[in-house]
Amino acid sequence: MKFLVLIVALFAVPAHAYSGKELRADCLAAEGAFAASAASPNAYQSPRGARCLGYLEGFVDGYAVSDHLAESVGVTLNAFCLPKSADLSYRLVRSVLAYLDRQPPNPESSTATLVAAALSRTFPCAEPLEPRR
């Protein structure tokens, strides 16, 4: 139980250093880099695109670690389930941009919350969470 509280606390701390507007601009740059070199995409060539991808991939890695640790104590997070695909980086960028097109970023919410909402909407898990008791 203490572990779950720690995980929730880590995700509850807002990261004010990177705003939703900045993430959107950076992810648009990443999307442009993917489109410009479809045969061999390298969105890391653009500093803004690299910042978007670095944030999204870091977020996903952090979630994977949290999910692994939660499973070790018998808790399933199931916030989102990413497919194993070669174009996952591009799909992460598109997920966030599509979410932002539908829902402009709230200046009061954290960028992590925005990304979590986008990924959970785009990549829902097949297994539902256990019902609350």
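Me: Is Arg51 buried, partly exposed or exposed in this predicted model, and what is its relative accessible area?
Reply: The structure is a predicted model, and the residue in question lies in helix α3. Buried means under 20% relative accessible area and exposed means over 50%, with partly exposed in between. Arg51 therefore counts as partly exposed, with a relative accessible area of 40%.

Me: Which residue meets the side chain of Arg51 in a salt bridge?
Reply: The salt bridge of Arg51 has an N to O distance of 2.5 Å. One partner lies in helix α3 and the other in helix α2, so the pair ties together parts that are 25 residues apart in sequence. The partner in helix α2 counts as buried, because its relative accessibility is 0%. The residue that Arg51 meets is Asp26.

Me: Which residues are joined with Asp26 into one network by salt bridges that share partners?
Reply: Leaving aside residues up to four places away in sequence, Asp26 touches Tyr18, Arg48, Gly49, Arg51 and Cys52. Two of these residues take part with Asp26 in salt bridges that share partners, and the residues joined with Asp26 into one network are Arg48 and Arg51.

Me: Which residue forms a salt bridge with Arg94?
Reply: Arg94 lies in helix α4, and its partner sits in helix α2, 63 residues apart. At 28% relative accessibility, Arg94 counts as partly exposed. The closest N and O atoms are 2.7 Å apart, and the residue that pairs with Arg94 is Glu31.

Me: Which residue forms a salt bridge with Arg24?
Reply: The pair links distant parts of the chain, with Arg24 in helix α2 and the partner in helix α4, 77 residues apart. Arg24 is partly exposed at 27% relative accessible area, whereas its partner is exposed at 52%. The closest N and O atoms are 3.1 Å apart, and the partner of Arg24 is Asp101.

Me: Which handedness does the disulfide of Cys27 and Cys52 have?
Reply: The sulfur atoms of Cys27 and Cys52 are 2.1 Å apart. Cys27 lies in helix α2 and Cys52 in helix α3, so the disulfide ties together parts that are 25 residues apart in sequence. Cys27 counts as buried at 0% relative accessibility, and Cys52 is buried with a relative accessible area of 0%. The torsion about the S-S bond is about 85°, so the disulfide is right-handed.

Me: Which residue is joined to Cys81 by a disulfide?
Reply: Cys81 lies in the loop between α3 and α4, while its partner lies in the segment after α5, 44 residues apart. Cys81 counts as partly exposed at 34% relative accessibility, whereas the partner counts as buried at 16%. With an S to S distance of 1.9 Å, the residue joined to Cys81 is Cys125.

Me: What pattern do the disulfides of the chain follow?
Reply: The count comes to two disulfides. One is formed by Cys27 and Cys52, and another joins Cys81 to Cys125. With bonded cysteines counted along the chain, the pattern is 1-2, 3-4.

Me: Which elements give two or more residues to the largest nonpolar core?
Reply: The largest nonpolar core has 29 residues, and those with the most contacts inside it include Cys27, Leu56 and Val93. Leaving aside neighbours within four places in sequence, Val93 is in contact with residues including Cys27, Phe34, Cys52 and Leu56. The elements that give two or more residues to this core are α2 (20–36), α3 (47–72), α4 (88–102) and α5 (111–122).

Terms used
Residues numbered from 1 in each chain as written. Predicted model: local features only at pLDDT ≥ 70, side-chain atom pairs only at ≥ 80, totals over all residues. Heavy atoms only, no water. Core = buried A, V, L, I, M, F, W, Y, C linked by side-chain atoms within 4.5 Å. Buried < 20%, exposed > 50% of the residue type's maximum accessible area, 1.4 Å probe, protein only. Helix = DSSP H or I, 4+ residues; strand = E, 2+ residues; numbered from the N terminus. Contact = heavy atoms within 4.5 Å. Disulfide = S-S within 2.5 Å. Salt bridge = Lys/Arg side-chain N within 4 Å of Asp/Glu carboxyl O.
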